Structure formats: C-alpha cells, structure tokens
Amino acid sequence: MCGIFGYVSSKKTSPRRVLAGLKRLEYRGYDSWGIATISNEKISVKKRVGKIGAASVGDLPEGYIAFGHTRWATHGGVTDINAHPHLDCKNEVAVIHNGIFENYESVKKDLIKNGHKFVSETDTEAISHTIEDQIKKTNFPEAVRKTFNKMEGLNAVIAICATDRSLIAARNGSPLIVGFGDGENFLASDAAALLPHTKKVYFLEDDEMAILTDKSVKVVDTKSGRLKKVKVQKITWNLADGEKGKFKHFMLKEIHEQPRVIADIIGSGTGPAQNLSKLIKSSKGSYLIGCGTASYAALAGTYLFSKIAKFHINSAIGSEFGYHLDFLNRKSLVIAVSQSGETMDILESVKKAKNKEAKIAALVNVLGSSLYRMSDYKTLIGAGPEKAVASTKALVGMLSHLILTAFALDGRVREGQITLNLALESTKNILTKKSIGHIKNLANKLKNKKHIYVIGRGLSYPASLEAALKIKEISYIHAEGLAAGELKHGPLALVEKGTPAIAYLPNDETYGANLAGAMEMKARGGYIIGVSFKPHEVFDYFIPVTDAREATIIPNIITAQLLAYYLTIEKGFDPDKPRNLAKSVTVK
Ligand code: F6R
C-alpha cells in the first residue's frame with residue numbers, strides 16, 4: 001500500500017528527484033513519508049508524519065543515490081520514528097519496505113539478544129539490523145538477498161548501504177518496477193511514477209531481486225542468487241494521463257475522463273469482448289471476483305450476463321472467494337476484476353484458483369501488474385492511470401467491458417457497442433456545467449446529514465452499493481446501499497423525518513417496484529432524491545439521467561461520484577486522499 005521511489009544516477013540530484021517521485025505516489029499511502037540519500041559515504045534521512053504535500057528536502061545533502069517512501073501504517077503507530085527509511089545500529093544501511101514481515105518478532109528478539117538497538121516499533125527495522133549482521137559475512141547485495149530469504153510474508157524490500165553505489169530491491173508479493181534511464185535508473189512501486197523519466201520498464205517478478213547502479217540493472221533469483229534475463233517492456237500511458245491538469249483534484253479529473261474511457265472501449269473493437277465471451281462459454285462454473293468497487297462491477301456482471309445473455313455466472317468478493325474453492329476445477333474460469341492488479345485478496349484468490357487448475361482471466365487496468373502477469377487471459381481496461389484513492393473511471397471501464405462481453409455472449413456485440421454509445425451520451429449530459437451545478441446544490445443540502453441511504457433493484461442494486469461506498473469513503477457520511485426489496489426487512493426502521501434516500505429509477509423492469517420503495521421511505525419522512533429518466537411527484541430532488549438501456553448503470557453511478565465529490569468539498573476534506581485508506585491494497 002506504500003509508495004516507493006528510488007533513484008541512482010551519475011549526477012548529484014537524487015533527493016529532489018525522489019521527493020518529486022514520491023509526490024506522484026502519495027495516493028498509495030500518506031500517513032507519513034521519508035527520504036534517505038548517500039553523500040560522502042554517509043546516509044542522511046529525513047522523515048515526517050503527515051502528507052508529503054509541501055515538503056522540501058533542501059536540508060538533505062545531494063547524492064548519487066536516494067530513495068523514499070510514503071507510508072500506510074501496519075506495524076507501529078504513525079510517528080516520525082516509525083516512518084521509513086529505517087537504519088541499522090551504525091547508520092550504514094537504510095531500508096524501506098512494503099508488506100508485512102510476518103516472522104519479525106522472533107528475528108527481532110534474536111537481534112536484540114545479539115546487542116542490536118531498535119528505535120522504532122516497526123517490523124521493517126528488523127530488516128536493516130539483519131542486513132547489518134549479514135554484511136559482516138558477505139557483500140551488500142548478497143546480504144540483502146540472504147535477509148530477504150529469512151522473511152516470511154509478502155514483501156518488497158529496498159535497501160541502500162553507505163559504502164555501496166547500488167540500490168537493491170527484492171520482492172515477493174508487493175509490486176516493484178524498475179525504470180531504465182540514461183546514466184540513471186529508477187525504481188517505483190507504480191509505473192505511473194516513472195512516466196516523467198522513462199517508459200522503459202521491467203516489472204520485477206516474485207522472488208526476484210534487482211541491483212540498480214547508474215549504469216546497469218541486474219536481476220537475480222532471490223532463492224538461488226542466479227542471474228536472470230531482463231526483458232524490458234514499454235509503458236503505453238502518457239505523462240499527461242497521470243497529471244491533474246486543469247482540475248483541482250485527481251478524482252474530479254478522473255470523473256471527467258469517463259466519456260473518453262467509454263469511447264475508447266467502443267472504439268477498440270469487439271475483439272476483447274468476443275474472446276472473453278468464448279472463454280466463458282467454454283468453461284463451466286465461472287466466477288467474477290473483485291474487491292470494493294471492483295466487487296460491485298463483478299456483481300453487476302452477474303446481472304448483465306443474466307439480463308442480456310440469459311447466462312449464469314457467479315460473483316464473489318476477493319476476500320471471501322477462498323470459501324468457494326470447493327466448487328472449482330479445471331473447467332472453471334475465474335475472471336479477476338481489478339484496477340491495480342495488485343490487490344492482495346485478489347492475487348491470493350487467483351493463486352488458490354490456479355492450484356485447483358481453474359483458468360484465470362484478468363480484467364485489469366495496469367499493464368504488467370501482478371494480476372496481469374499471473375493470468376492466462378488478459379483484457380486491459382484501458383482507463384489510464386487512476387490516482388484518486390476512490391475508484392471512478394476504472395469502474396466505468398470495467399462495466400463497459402462487461403456490458404460488451406454480455407452482448408458478445410448473446411451474439412449481439414454490435415448492439416453492445418450501440419448501447420454503450422447511449423451510456424456515453426448520457427454520461428456527457430451529466431458532466432455538463434448545468435447538471436454538475438445541480439448535483440453540487442444537492443451536496444450543499446446534504447452536507448450536514450449523518451446518514452444517506454441508496455436504494456435500487458436489479459442492476460441498480462450494485463449501483464446503490466457503489467454510490468454508498470463512494471459517499472462514505474471520501475465524505476465520511478455514513479451511507480448504505482440497499483436492495484430496495486430489503487427495506488421492509490429491517491432498514492426502514494432507520495428512516496425518520498429528513499432522512500435522505502437516493503432512489504435509482506431507470507427505465508427498466510425495476511421502475512415500479514423501486515418507486516414503491518421510495519414511497520415507503522417518503523411515507524416515513526424520507527427526503528427522496530430520484531435518479532431517473534423522468535420526474536415523479538414522490539421526488540424531493542430530481543437528478544435526470546437519460547436512458548441508456550442496460551448501460552444506464554454507468555451514468556447512474558456517475559451522478560453518485562459527483563455527489564460524493566462535492567459532499568467532500570463542502571465538508572472541507574481531501575477527496576483524493578481519504579483518511580485511513582490508500583490506493584492499491586497490497587496487504588490482507
Ligand atoms: C473504492 C476503491 C476500492 C477498490 C478496491 C479494489 O473507491 O477504490 O474499493 O475498488 O480496493 O482495488 P483494485 O480494483 O485495484 O483491485
């Protein structure tokens with residue numbers, strides 16, 4: 001979950017470069033940050049609690065090598081001392097780390113017995129002290145490799161040594177990408193951070209260790225120490241894709257990019273959907289899996305496949321999928337849906353499914369991500385880099401692909417493109433100044449509410465879950481998405497005078513029954529926000545959404561993204577970096 005950026009160069013500029021790199025990665029973790037550099041064979045470290053925002057590293061000496069980290073705390077509270085990098089006793093080794101060093105307690109106990117002094121509460125510090133011990137017996141890269149092999153759990157470790165001109169990085173589970181420059185080389189936890197410097201990259205595999213100097217990059221197997229072949233890949237994203245541009249926040253920019261995402265998916269042809277649909281047809285007992293927002297895409301997929309193609313598919317949440325394994329065999333297909341391709345619960349599920357010999361298809365946004373590489377079949381979502389913690393355009397990309405695939409399953413893929421085109425037009429209508437102003441006005445009305453309910457049926461049920469997730473995760477207003485039919489089974493008890501309820505009422509078979517739900521809430525004092533193709537007297541506030549048939553779920557969700565965004569602005573919070581969360585959940 002942490003952001004990592006490392007730099008080794010023949011020129012002396014490293015700390016500033018690392019700071020700039022970390023700022024591009026802050027969405028991965030932002031409770032504290034730290035940078036270390038080597039100058040005159042001495043390691044200097046600066047680390048602080050809080051967001052990296054306006055930080056400067058002018059007080060750090062310039063060096064040829066530096067690295068840094070933005071933290072999302074796992075072991076040890078959020079303090080300056082617990083921020084990374086962590087040093088050994090002699091200040092000769094510095095380490096940053098992503099993941100959980102599961103057996104660190106016993107390692108730490110032994111180190112303390114042998115005289116090592118710990119200053120932080122982190123598991124990471126045990127890595128620096130272990131390297132310190134190993135370095136007495138061997139060279140620096142070997143010391144890192146031996147230390148890495150002692151670690152249990154899923155980890156990425158990056159280390160520097162005061163007397164060595166290399167940056168060492170080993171991974172098992174957590175993502176690390178090497179960037180190739182001219183007289184300089186880079187390392188990052190996310191390819192988007194490398195875009196200002198290079199598009200030539202290598203995605204480290206599990207159990208690989210990279211040794212970067214200003215002139216070379218070597219990759220070795222962490223288990224055997226044997227040199228491996230490095231196949232350089234090219235990133236297709238552009239630099240501007242990862243910048244805020246004229247927008248105040250990444251989230252707003254990404255919301256506005258959604259028409260482009262839909263148009264690109266329509267324009268990229270029917271091949272990916274046809275291929276995925278053939279694969280689904282040739283399998284027996286398939287699952288769509290995802291976490292958080294991606295799990296709602298997976299759930300929407302089950303409704304889309306059933307409604308459009310009369311085809312059954314299961315869906316499961318990544319963290320729960322382990323309990324469905326009994327149903328998997330070599331005929332099964334697991335379609336893993338993920339923006340980052342690094343979500344640990346998804347990767348773990350995929351590994352387990354592979355052990356059952358199931359086929360794996362990925363619907364993933366990040367080329368070269370762990371999920372991308374683990375999968376037998378891959379569809380790239382094509383949303384471009386998503387930096388706001390709250391997922392928006394990636395979800396719209398996922399839904400667009402699933403809609404096309406559902407139509408392809410029914411042999412009507414062309415109709416799928418036409419339907420998506422309706423969603424594109426409807427989305428453009430929502431993103432007009434007038435419509436945004438209308439949603440902003442609603443945010444102003446709702447900003448002091450403690451609870452917001454969202455109801456829907458059919459495809460609007462996953463839309464309701466997603467709308468509630470967006471609202472709660474960035475505005476911190478409690479929000480709950482409900483299948484409208486469940487109201488009477490409990491939640492109606494919560495409705496009182498003025499309770500806001502968003503009701504999704506698209507032009508489909510759910511309209512009448514969902515309207516009844518809205519009326520039940522209204523009768524108990526609820527403030528009804530109707531999201532629909534036509535007004536109704538039961539609505540206290542009406543958000544018009546032009547009909548896009550089965551793809552209306554897309555513009556419907558976009559209204560909630562905007563509402564969540566403007567609620568957050570009204571309340572004075574940062575929509576890009578919600579508290580306690582980070583992009584790319586690489587721990588279980
Ligand atoms: C919510 C959100 C998360 C992610 C989830 C899965 O706005 O962004 O719920 O959807 O962590 O992430 P990916 O798609 O990267 O696997």
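**A short tour of the structure**

1. Let's start with the five-stranded sheet. This open sheet has the strand order β17-β16-β18-β19-β20, and the pairing is parallel. Its edges are formed by β17 (314-317) and β20 (377-380), each of which pairs on one side only. From one strand to the next, the twist averages 20°. Please keep in mind as you read that the model is predicted.

2. A good strand to look at in this sheet is β18, which covers residues 333-338. How many of its residues are buried? Six of the six are, and the strand is mostly covered. In a regular strand, side chains alternate between the two faces of the sheet. In β18, L333, I335 and V337 lie on one side, with V334, A336 and S338 on the other, and all of these are buried. Both faces of the strand are therefore covered, with each of these residues under the 20% relative accessible area that marks a buried residue.

3. Next, the partners of β18. Strand β16 (residues 286-290) pairs with β18 in the parallel sense over four bridges, and here Y287 stands opposite V334. Strand β19 (residues 359-364) also pairs with β18 in the parallel sense, over six bridges. Which residues of β19 are the bridge partners of V334 and of A336? For V334 the partner is I360, and for A336 the partner is A362.

4. Two helices are worth finding around these strands. Helix α9 (residues 344-355) joins β18 and β19 in a right-handed β-α-β unit. Helix α11 (residues 393-409) lies across β16, β18, β19 and β20, and runs at about 130° to β19.

5. One residue to pick out in helix α11 is S400. Is S400 buried or exposed? S400 counts as buried because its relative accessibility is 0%. Apart from neighbours within four places in sequence, S400 is in contact with I262, I265, L420 and I554.

6. Now for the ligand. There are 15 residues surrounding the ligand, and the closest are S338, Q339, S340, T343 and E473. S338 has already appeared in this note, as one of the buried residues of β18. Three polar contacts can be checked in the viewer, each involving an oxygen atom of the ligand. In one, the ligand oxygen is 2.3 Å from an N or O atom in the side chain of E473. In another, the distance is 2.8 Å, to an N or O atom in the side chain of K470. For S391, the partner is a polar backbone atom, 3.0 Å from a ligand oxygen.

7. There is another sheet to explore. This open sheet has eight strands in the order β3-β2-β4-β1-β10-β9-β11-β15, with antiparallel pairing. Its edge strands are β3 (42-49) and β15 (233-234), and each pairs on one side only. Within the sheet, strand β1 (residues 3-9) and strand β10 (residues 184-188) run antiparallel and are joined by five bridges. Across this pair, Y7 stands opposite F186 in β10. Helix α1 (residues 14-25) packs on the sheet, where it touches β1, β2 (32-39), β4 (65-71) and β10. The direction of α1 makes about 155° with that of β1.

8. Helix α4 (residues 140-150) also deserves a look. Which of its residues are buried? They are F140, P141, A143, V144, R145, T147 and F148. What do these buried residues pack against? Their partners are α3 (125-134), β7 (155-161), β8 (167-172), β12 (208-212) and β13 (217-221). At the start of α4, a side-chain oxygen of N139 comes within 2.9 Å of the backbone nitrogen of E142.

9. To finish, try K445, which sits in helix α13 (residues 433-446). K445 counts as partly exposed because its relative accessibility is 46%. Once neighbours within four places in sequence are set aside, K445 is in contact with Y527 and Y541. How far apart are the C-alpha atoms of K445 and E570? They are separated by 9.8 Å, while the two residues are 125 residues apart along the chain.

Conventions
Residues numbered from 1 in each chain as written. Predicted model: local features only at pLDDT ≥ 70, side-chain atom pairs only at ≥ 80, totals over all residues. Heavy atoms only, no water. Buried < 20%, exposed > 50% of the residue type's maximum accessible area, 1.4 Å probe, protein only. Helix = DSSP H or I, 4+ residues; strand = E, 2+ residues; numbered from the N terminus. Pairing = 2+ DSSP bridges. Right-handed = clockwise from strand over helix to strand, strands pointing away. Contact = heavy atoms within 4.5 Å. Axes fitted to C-alpha atoms, helices over the stretch in contact; angles between N-to-C directions. Near = heavy atom within 4 Å. Polar contact = N/O pair within 3.5 Å; in protein donor to acceptor, adjacent residues only side chain to side chain.
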